[in-house]
Amino acid sequence: MDKATFDQMHQQDRMANDKLAEGIAGFTKALENLESLLTQRLVQLENTTVSHAAEEIFHSYDLDGDGFITREEWMGSDAVFDALDENHDGKITPEELGTGLGALLHLASA
Ligand SMILES: [Ca+2]
Ligand SMILES: [Ca+2]
């Protein structure tokens, strides 16, 4: 391997690392947003359940009301979208959001 090739590979590595760091930062930020949104909902609606909160949040994201949150409608980062989109079909269903929020709430209360 010559030096030019080595430098190029090293450069690509660095870019991959930067992308990863960006993704992690975005994920953390989006989780914080989601958490504060969830907390607000829980405060607003006494005796609400996670599924009710998820439903509320779902409707605020599902702009065209087709029952799915697409990547275009999702205002968070790609990393969070991918994490919530369990079956990776490019759409988040109410069930997938509920599962994600349940896990989040579990983390938040741990
Ligand atoms: Ca939609
Ligand atoms: Ca999905």
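**Entry 1: threonine 99.** I looked up whether threonine 99 is buried or exposed, and found that threonine 99 is partly exposed because 15 other C-beta atoms lie within 10 Å. I noted the cut-offs: a residue is buried with 20 or more other C-beta atoms within 10 Å of its own, exposed with 12 or fewer, and partly exposed in between, the C-beta atoms being placed from the backbone. Threonine 99 belongs to helix H4, residues 94-109. I then computed the separation of the C-alpha atoms of threonine 99 and serine 51, which is 8.7 Å, although 48 residues part them along the chain.

**Entry 2: the model.** I recorded that this is a predicted model, in which local features need pLDDT of at least 70 and side-chain atom pairs pLDDT 80 or more, while totals for chains, interfaces and linings use all residues. Residues are numbered from 1 along each chain as its sequence is written, chains are lettered from A, and ligands are numbered from 1 in the order in which they are written.

**Entry 3: the elements.** I found four helices and two strands, in the order α-α-β-α-β-α from the N terminus. Helices (H or I, at least four residues) and strands (E, at least two) are DSSP runs, numbered from the N terminus.

**Entry 4: the core.** I looked up the largest nonpolar core (buried Ala, Val, Leu, Ile, Met, Phe, Trp, Tyr and Cys residues joined through C-beta atoms within 7 Å). This core has eleven residues, among them Phe58, Val80 and Leu101. Helix H2 (50-61), helix H3 (78-84) and H4 each supply at least two residues, and H2 gives the most, with four.
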